[in-house]
Amino acid sequence: MNLRDIKKDIDYVFSAFIEDCTTVAAVNANASTEELEKLYEEAIDTYNEMRDKVVAKCEGSQRAKFNALAKEICEKVDALYEKLSATVKKTVSA
């Protein structure tokens, strides 16, 4: 994995999440706009954090840094999707 690939992964994963939030808002009229806005903001903040970590200088192996970042990106996006899922479940059961 190299710098260009990890940047592309970050862009793809977070843009897909934001697109999914937009889809939920468009399809589900009962979805809480406040909760979705918080998820948007959290996703953008996390995106910026990951981009900053990618370009930060590191001591040691770049490969190890990128592998650790890839794992962290997956964990953070999974957490965001869990929150989105919880939001959808609230609206469906209501």
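Contact here means heavy atoms within 4.5 Å. The structure is a predicted model, in which local features need pLDDT of at least 70, side-chain atom pairs count only at pLDDT 80 or more, and totals for chains, interfaces and linings use all residues. Residues are numbered from 1 along each chain as its sequence is written, and side-chain values use heavy atoms, with hydrogens and water left out.

**Exercise 1. Contacts of F14**

Task: list which residues F14 touches, not counting residues up to four places away in sequence.

Solution. Step 1: apply the contact cut-off given above and leave out the sequence neighbours. Step 2: the remaining partners of F14 are A43, T46, Y47, M50, I73, V77 and L80. Step 3: check accessibility, where buried means under 20% relative accessible area, exposed over 50%, and partly exposed in between (1.4 Å probe, protein chains only). F14 has 2% relative accessibility and counts as buried.

**Exercise 2. Layout and confidence of the chain**

Task: state how many helices and strands the chain has, and in what order the elements run.

Solution. Step 1: helices (H or I, at least four residues) and strands (E, at least two) are DSSP runs, numbered from the N terminus. Step 2: the count is 3 helices and 0 strands, and the order from the N terminus is α-α-α. Step 3: for extent, the C-alpha atoms fill a box of roughly 50 × 15 × 15 Å along the principal axes. Step 4: among contacts between residues at least 6 apart in sequence, 73% join residues at least 24 apart. Step 5: for confidence, use pLDDT, the predictor's confidence in each residue, from 0 to 100. The chain mean is 91, and 99% of the residues reach 70 or more. Confidence is lowest in helix α3 (residues 62–93), with a mean of 92, and highest in helix α2 (residues 33–55), at 94.

**Exercise 3. Aromatic pairs**

Task: find how many aromatic pairs the whole structure holds, and describe their geometry.

Solution. Step 1: rings of Phe, Tyr and Trp (its six-membered ring) pair if their centres lie within 6.5 Å; planes under 30 degrees apart count as stacked, over 60 as edge-to-face and the rest as tilted. Step 2: the search of the whole structure gives 2 aromatic pairs. Step 3: F14 and Y47 are edge-to-face, at 6.1 Å centre to centre with 75° between the planes. Because F14 lies in helix α1 and Y47 in helix α2, this pair ties together parts that are 33 residues apart in sequence. Y47 is partly exposed, with a relative accessible area of 24%. Step 4: the rings of F17 and Y81 have centres 5.0 Å apart and planes at 90°, so this pair is edge-to-face. F17 is in helix α1 and Y81 in helix α3, so the pair ties together parts 64 residues apart in sequence. F17 is buried, at 0% relative accessibility, whereas Y81 is partly exposed, at 28%.

**Exercise 4. The nonpolar core**

Task: say how many residues the largest nonpolar core has, and which of them have the most contacts inside it.

Solution. Step 1: a nonpolar core is a set of buried Ala, Val, Leu, Ile, Met, Phe, Trp, Tyr and Cys residues joined through side-chain atoms within 4.5 Å. Step 2: the largest core has 18 residues, and those with the most contacts inside it are I6, I10, F14, F17, L39, I73 and L84. Step 3: α1, α2 and α3 each supply at least two residues of this core. Step 4: for the chain as a whole, buried residues make up 26% of the 94 residues.

**Exercise 5. Cysteines**

Task: explain why C58 has no disulfide partner in C74.

Solution. Step 1: a disulfide is a covalent bond between the sulfur atoms of two cysteines; the cut-off used is a pair of cysteine sulfur atoms within 2.5 Å. Step 2: the whole structure has 0 disulfides. Step 3: the closest cysteine sulfur to that of C58 is in C74, 19 Å away, which is too far for a bond. Step 4: C74 is in no disulfide either, and its nearest cysteine sulfur, that of C21, is 17 Å away. Step 5: C58 is partly exposed, with a relative accessible area of 28%, and C74 is partly exposed, at 47%. C74 lies in helix α3.

**Exercise 6. V55**

Task: place V55 and give its contacts, not counting residues up to four places away in sequence.

Solution. Step 1: V55 is in helix α2. Step 2: its contacts are K7 and K65. Step 3: the C-alpha atoms of V55 and L3 are separated by 8.1 Å, with these positions 52 residues apart along the chain.
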